[in-house]
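Biologist: Hey, got a minute to walk me through this one? I'm new to it.

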Amino acid sequence: MNEGIVVLIRGIIAFFSLLIFTRILGKQQISQLTFFEYILDITIGSIAAELTVDLSSSAWPHFVGLSIWFILTLILQLVTLKSKKIAQYIEGEPTVVIMNGKILEQAMKRLRFRISDLLEMLRQKNVFDISEVEIAILEISGSFTVLKKSQYQTVTLSDLNIKRSNQGLSTELIYDGVVLVPNLEKKNLTEKWLYDELKKHNIKDPSEVFYASINSSGNLYIDKYIDHIDSNNIPATYANKEKQ
Amino acid sequence: MSKLMKYFIPILFLVVSVVIMLSSGFLKNAFGGKEIPFILDEVMVDVKNDNWNDANNKVDEIKKVYKKISILVQFSAERNEIENFYHQLAMLKGYVEAKQEGEAIATIYLLKEYWDELGT
């Protein structure tokens with residue numbers, strides 16, 4: 001028995017099976033996962049690892065185990081999507097921990113949430129005084145949402161009645177020295193226009209450019225490979241890293 | 001990539017993976033593997049009739065066939081299942097060379113059991 005080749009084949013099966021299953025399960029980010037979903041992901045990963053290297057048992061039972069955890073997760077996702085009640089039962093509900101500047105001790109106790117945890121999470125939201133908080137909610141995913149009292153909220157352009165058009169997304173025009181012609185066409189621009197713009201920045205060829213993009217206002221951003229930054233202006237920590 | 005290919009490639013991959021993982025059941029009968037239980041029966045008859053030379057040759061023949069089979073089933077069978085058969089075969093060879101009838105017969109039954117369990 002050639003264990004190296006067996007692990008190679010089983011590794012390929014586990015890797016791509018996991019890739020297919022996770023693609024089907026969706027694109028939730030780690031920060032959006034509930035504690036249970038986080039554990040689910042770890043377990044599924046662990047089974048895939050065993051499928052690869054545990055040669056003391058055949059690959060099939062591990063694959064069945066992997067499939068069952070994937071199917072149950074998928075069923076749970078679909079059920080919680082269809083029924084709000086079941087979703088609340090399985091995943092729990094967001095809990096209000098501060099109301100009108102007052103800490104709700106009962107809720108904190110139920111969640112086994114310490115005051116130091118609460119203060120830390122408030123600080124992460126740039127709140128250093130509990131009295132500024134109108135409502136603070138501990139979400140199902142464990143993240144923290146804070147609504148400050150209106151007098152402590154940041155002034156926005158709409159508060160000042162200032163109108164500004166939406167900025168929209170930038171479009172990449174050059175990536176790693178390569179001109180992205182389809183993107184130019186989408187913006188109704190030509191390669192000639194791009195070359196003219198590059199010339200204005202003393203750039204003879206797109207290969208000198210690491211990244212270039214254009215925003216919805218028509219402003220061009222260009223980053224060259226050679227940055228011409230005075231090393232004296234780099235903070236010491238980064239300068240040291242550069243030397244390494 | 002067309003929608004058909006987008007779904008076809010992962011489904012094909014999963015199907016091929018499942019076939020590889022379940023292949024030992026039928027691969028163990030390829031390349032003369034099907035004959036192994038019958039050869040074991042013949043070894044038992046030889047042992048009982050004191051044909052030790054024939055029994056020895058047949059044990060070598062089983063080892064030769066099993067070497068090919070073990071390469072085929074290694075992706076789907078358990079490592080211990082594959083190796084146990086080798087170990088017991090080595091013991092059988094020893095018992096046949098030492099002309100120990102009882103131990104040889106017991107080992108043949110054990111080998112049959114291992115063969116039945118291989119890849120199930």
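Modeller: Sure, we can go through the chains, then a sheet and one buried residue.

Modeller: One thing up front: this is a predicted model.

Biologist: OK. What's the secondary structure of chain A?

Modeller: Chain A has nine helices and eight strands.

Biologist: And chain B, how many helices and strands there?

Modeller: Six helices and zero strands. Reading chain B from the N terminus, you get α-α-α-α-α-α.

Biologist: How much of each chain is buried?

Modeller: In chain A, 27% of the 244 residues are buried. For chain B, the buried part is 36% of 120 residues.

Biologist: What about the accessible surface?

Modeller: Chain A has about 17100 Å², with 56% belonging to carbon and sulfur atoms. Chain B exposes about 6900 Å², and carbon and sulfur atoms supply 59% of that.

Biologist: Switching to contacts: if I take residues at least 6 apart in sequence, what share joins residues at least 24 apart?

Modeller: In chain A, 51% of those contacts do. In chain B, 70% do.

Biologist: Back to the strands in chain A. What's the order in the sheet of four?

Modeller: That one is an open sheet in chain A, ordered S6-S5-S7-S8, and the pairing is antiparallel.

Biologist: Which strands sit at the edges?

Modeller: Strand S6 (178–179) and strand S8 (220–224) of chain A, each of which pairs on one side only.

Biologist: Does a helix come into the picture, and if so, which one packs on the sheet?

Modeller: Helix H8 of chain A, residues 191–200, packs there and touches S5, S6, S7 and S8 of chain A. The direction of H8 makes about 70 degrees with that of S5(A).

Biologist: And how many bridges link S5 and S7 of chain A?

Modeller: Four bridges, in the antiparallel sense, between S5 (residues 171–175) and S7 (residues 209–214) of chain A. If you want a spot to look at, A:Thr171 stands opposite A:Ile214 in S7(A).

Biologist: New topic: where is A:Glu132?

Modeller: A:Glu132 lies in the loop between helix H6 (115–124) and strand S3 (133–138) of chain A.

Biologist: Is A:Glu132 buried or exposed?

Modeller: Buried, yet A:Glu132 has no salt bridge.

Biologist: Which side chain of opposite charge is nearest to A:Glu132?

Modeller: A:Lys148, which is 4.3 Å away. A salt bridge needs the charged atoms within 4 Å, so that pair doesn't count as one.

Biologist: What does A:Glu132 touch, then?

Modeller: Leaving out residues up to four places away in sequence, A:Glu132 touches A:Val127, A:Lys148, A:Lys149 and A:Tyr152.

Technical notes: Residues are numbered from 1 along each chain as its sequence is written. Chains are lettered from A and ligands numbered from 1 in the order in which they are written. This is a predicted model: local features need pLDDT of at least 70, side-chain atom pairs count only at pLDDT 80 or more; totals for chains, interfaces and linings use all residues. Side-chain values use heavy atoms; hydrogens and water are left out. Helices (H or I, at least four residues) and strands (E, at least two) are DSSP runs, numbered from the N terminus. Buried means under 20% relative accessible area, exposed over 50%, partly exposed in between (1.4 Å probe, protein chains only). Contact means heavy atoms within 4.5 Å. Accessible areas come from the Shrake-Rupley method with a 1.4 Å probe; for residues, only the protein chains shown count as cover. Two strands pair if DSSP finds at least two bridges between them. Axes are lines fitted to C-alpha atoms, for helices over the stretch in contact, and angles run from 0 to 180 degrees between N-to-C directions. Lys and Arg count as positive and Asp and Glu as negative; His and the chain ends are not counted.
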